[in-house]
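I opened this entry to keep a record of what I looked up, beginning with burial and surface and ending with charged side chains.

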Amino acid sequence: MAVGALFGLLFLSFDWVVGLVWFLAKVVFVFFMFAMVKAMVPRYRYDQLMRLGWKVFLPLSLLMVVITAGVLEFGGFLL
């Protein structure tokens with residue numbers, strides 16, 4: 001709840017006219033969103049994260065480097 005209150009104060013602008021009820025509604029909404037994200041995102045074990053990093057993200061990042069180099073080389077963007 002403290003993170004929701006801080007988020008509400010910093011980013012959702014506290015209005016003195018509407019007051020505390022609107023602020024508490026925003027805090028509850030942010031807390032609910034944090035709880036939903038935590039409930040919906042899967043929790044990976046360490047070995048699953050390592051396999052994901054080595055077998056998915058590393059080849060994907062190398063492919064993106066090759067694609068970027070190709071676009072820069074053959075697309076005429078290099079000076």
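I looked up burial first and found that, of the 79 residues of the chain in this predicted model, 9% count as buried. I then turned to the surface, where the chain exposes about 7,100 Å², and I noted that carbon and sulfur atoms supply 78% of that area.

Next I went through the secondary structure, which comes to 3 helices and 0 strands, so that I could write down the order of elements from the N terminus as α-α-α.

I then checked the length of helix H3, which covers residues 46–74. Because its 29 residues at 1.5 Å a residue should span 42 Å, I compared that value with the 40 Å between its end C-alpha atoms, and the two agree. I also looked along H3 for bends and noted a kink of about 35°, centred on Gly53. Just after H3, I recorded that Gly76 takes a positive phi of about 80°.

Last came the charged side chains: how many salt bridges does the structure hold? I found 1 salt bridge, in which the side chains of Asp47 and Arg45 meet at 3.2 Å, N to O. That distance fits the cut-off, because a salt bridge requires a side-chain nitrogen of Lys or Arg within 4 Å of a carboxyl oxygen of Asp or Glu. I added the general reminder that side chains of opposite charge can pair when their charged atoms come close. For Asp47 I also looked up the relative accessible area, which is 40%, so I entered this residue as partly exposed.

How values were computed. Residues are numbered from 1 along each chain as its sequence is written. This is a predicted model: local features need pLDDT of at least 70, side-chain atom pairs count only at pLDDT 80 or more; totals for chains, interfaces and linings use all residues. Side-chain values use heavy atoms; hydrogens and water are left out. Helices (H or I, at least four residues) and strands (E, at least two) are DSSP runs, numbered from the N terminus. Buried means under 20% relative accessible area, exposed over 50%, partly exposed in between (1.4 Å probe, protein chains only). Accessible areas come from the Shrake-Rupley method with a 1.4 Å probe; for residues, only the protein chains shown count as cover. The expected span of a helix is 1.5 Å times one less than its number of residues. The bend at a residue is the angle between axes fitted to the seven residues ending there and the seven starting there.
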